[in-house]
Amino acid sequence: MERLKIRWIIFAGLLLVVVVSYLIDFRFGSRPSPQVQKCYDYIESLPDSAVVMISFDHEASSLPEIQPIALALLRHAFRKDIKIIGLSLFAEGTAIGYRLLNKVAGEYGKHYGQDYVFLGFKPQYISAILGLGESIRDVFPEDYLGRSLDSLPFMDNIISYEQVAMVISIADGDRTVHWIEYGNARYGQEIMAGLTAAMITSYDPYLASGQLFAVVGGLKGAAEYESLLGQPGKGGRGMLAQTSAHIYVIILIIIGNIIYFRNRSRQGRG
Amino acid sequence: MNIGIIIAGVLTLAIYTFLYKDNPVYRAAESLLIGLSIGYALVIFWQTTLMDRLFEPLFGDGELLLIIPLILGLLMFGRFGRKTSWLSRIPIALMIGAGAGVAIPAMLYARTLKQMSASVMPLVTAGGGFDIGGLVVVAGLLSTLAYFYFSREHRGLMGGVARVGTWFLMIFFGATFGYTVMSRLSTLIGRVDFLLTDFLHILS
């Protein structure tokens, strides 16, 4: 019972810290990390009408982290008049990807079929990634809405990865690894990633080897991207809450260690 | 208020009741989540795979070759009967064979060869200086490999190098755990944002 009480106090304390700090609308002037800067510079350097493929490879549960990243990247791309092909290799990401694309397209007055398309979901992600390198139409004969790709003016000259400048995989798991293993290794397609923070260290080796172009990672990555864009969003808004919660966790770790060492020294004396 | 937002808000609170203790409200919300996720995935698979790629082309457009994957797929259901379970080995063998054929060269190249080549780096910079980053990579690589080398006892020089390897591993685990905490806190912040903004309308 005593242990349960301590647990409740810790949880209640964390909730209080997050709620109170989230209610305060204070935004840090976060300096972008080299990875986020690299992503931003790359999209900034793309010419008008360049084509970018964005794959929503995530579950709904990671939306709080994924959505700010996706929104920042989509806003930047549409602001630069870059054409977007959306798709999903994770069933749950399908409706989310379609909704986010339409939302941001609406903000910038972009038209479906002319400025962007959404191809929908494809199972067997390995064969899908390999197939896209040969022919997008073979993998997705129709878009998410059931329209033939040939009927969309946007897709007139788009055959395969050859016409795609960058694939951006927005993921909460290992789907981006498959984009690297099959899209990059087999076809030389450049891959960029928007990842949950928990996945960042898994992708460090691919960043170091150059197989992965760059990463926008976690809520912090989204906040940095938003500040580069000059468009405040949920990423920046959440940074004070995240910093406060981290400080709370660090304090708990210090207290836990003090109690541990004090008990150990008492046991040693006893 | 939108009925969807009310349901989402109530379910969010139901899930968080687990922090007090395991209870029927939490279990009901959890079961709903699992059921919905599976149901949603099934509908998507049915529409995008079975209908679009199999039934419509086969029965609508007369692409008779699709009978082969249809039969292979049906053979998988053989697993449900003791006498027919051997039938499922045929499609499984095909899947494993084709899967391994596709995956092994790709993984060997992307995960092993490319990573090895990226690990071999000059320790001296173009300006003639010493590359500290390169040295850390080499030291981390060799000491971690030494830690996982079990054919020789970890004593003496080997023991010392392996111990350095454990430090590198601990740093990696620490960084990964730190990022995971960050990730989980982001999820909590996302839910708090939803509750304060959409559900309770405290924030605009």
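A residue counts as buried here if 20 or more other C-beta atoms lie within 10 Å of its own, as exposed if 12 or fewer do, and as partly exposed in between. Keep that in mind as you work through these exercises on a predicted model.

**Exercise 1. Describe the fold of chain B: which elements does it have, and how does its radius of gyration compare with that of a compact globule?**

Solution. Start with the elements: chain B holds 6 helices and 0 strands, in the order α-α-α-α-α-α along the sequence. Next, take the overall dimensions. The C-alpha trace of chain B spans about 70 × 60 × 40 Å along its principal axes. Its radius of gyration is 27 Å, whereas a compact globule of 204 residues would have one near 17 Å. Now apply the burial cut-off: 8% of the 204 residues in chain B are buried. Finally, look at sequence separation. Of the contacts in chain B between residues at least 6 apart in sequence, 15% join residues at least 24 apart.

**Exercise 2. Work out how many residues each chain brings to the contact, and which helix of chain B gives the most.**

Solution. Chain A brings 37 residues to the contact and chain B brings 34. On the side of chain B that touches chain A, α2 (24–60), α4 and α6 (156–199) each supply at least two residues. The most come from α6(B), with 18 residues. By residue class, this side of chain B divides into 21 nonpolar, 10 polar and 3 charged residues. For a single example, go to B:Ala118 in helix α4 (residues 89–119) of chain B. Leaving out residues up to four places away in sequence, B:Ala118 touches A:Ala208 and A:Ser209. B:Ala118 has 16 C-beta neighbours inside 10 Å, so it counts as partly exposed.

**Exercise 3. Explain why strand β4 of chain A is said to be largely enclosed, and find its strand partners.**

Solution. Begin with burial: 6 of the 6 residues of β4 (residues 166–171) are buried, so the strand is largely enclosed by the rest of the structure. Then sort the side chains by direction. In a regular strand they alternate between the two faces of the sheet. Here A:Met166, A:Ile168 and A:Ile170 point one way, while A:Val167, A:Ser169 and A:Ala171 point the other way, and all are buried.

Now the partners. Strand β1 (residues 51–57) pairs with β4(A) in the parallel sense over 6 bridges, with A:Met53 bridged to A:Val167. Strand β5 (residues 191–195) also pairs with β4(A) in the parallel sense, over 5 bridges, and there A:Ser169 has A:Ala193 as its bridge partner. To finish, trace the connection: β4(A), helix α7 (residues 175–187) and β5(A) form a right-handed β-α-β unit.

**Exercise 4. Locate the residues with the most contacts inside the largest nonpolar core.**

Solution. This core has 84 residues, and A:Val52 and A:Leu74 have the most contacts inside it. Helix α3 (residues 63–79) of chain A gives the most to the core, with 10 residues. Setting aside neighbours within four places in sequence, A:Leu74 is in contact with A:Leu100, A:Leu101 and A:Val104.

**Exercise 5. Check two backbone angles: where do A:Ser49 and A:Asp81 lie, and are they exposed or partly exposed?**

Solution. A:Ser49 is not a glycine, yet its phi is positive, about 70°. A:Ser49 sits in the loop between α2 (34–45) and β1 of chain A, and its 10 C-beta neighbours inside 10 Å make it exposed. A:Asp81 is not a glycine either, and has a positive phi of about 60°. The place of A:Asp81 is the loop between α3 and β2 (83–88) of chain A. With 14 other C-beta atoms within 10 Å, A:Asp81 is partly exposed.

Terms used:
Residues are numbered from 1 along each chain as its sequence is written. Chains are lettered from A and ligands numbered from 1 in the order in which they are written. This is a predicted model: local features need pLDDT of at least 70, side-chain atom pairs count only at pLDDT 80 or more; totals for chains, interfaces and linings use all residues. A nonpolar core is a set of buried Ala, Val, Leu, Ile, Met, Phe, Trp, Tyr and Cys residues joined through C-beta atoms within 7 Å. Helices (H or I, at least four residues) and strands (E, at least two) are DSSP runs, numbered from the N terminus. Two residues are in contact if their C-beta atoms, placed from the backbone, lie within 7 Å. Two strands pair if DSSP finds at least two bridges between them. A crossover is right-handed if, with the strands pointing away from the viewer, the path from the first strand over the helix to the second runs clockwise. Ala, Val, Leu, Ile, Met, Phe, Trp, Tyr, Cys and Pro count as nonpolar, Asp, Glu, Lys and Arg as charged, and the others, Gly among them, as polar. The radius of gyration is taken over C-alpha atoms; the globule rule is 2.2 Å times the number of residues to the power 0.38.
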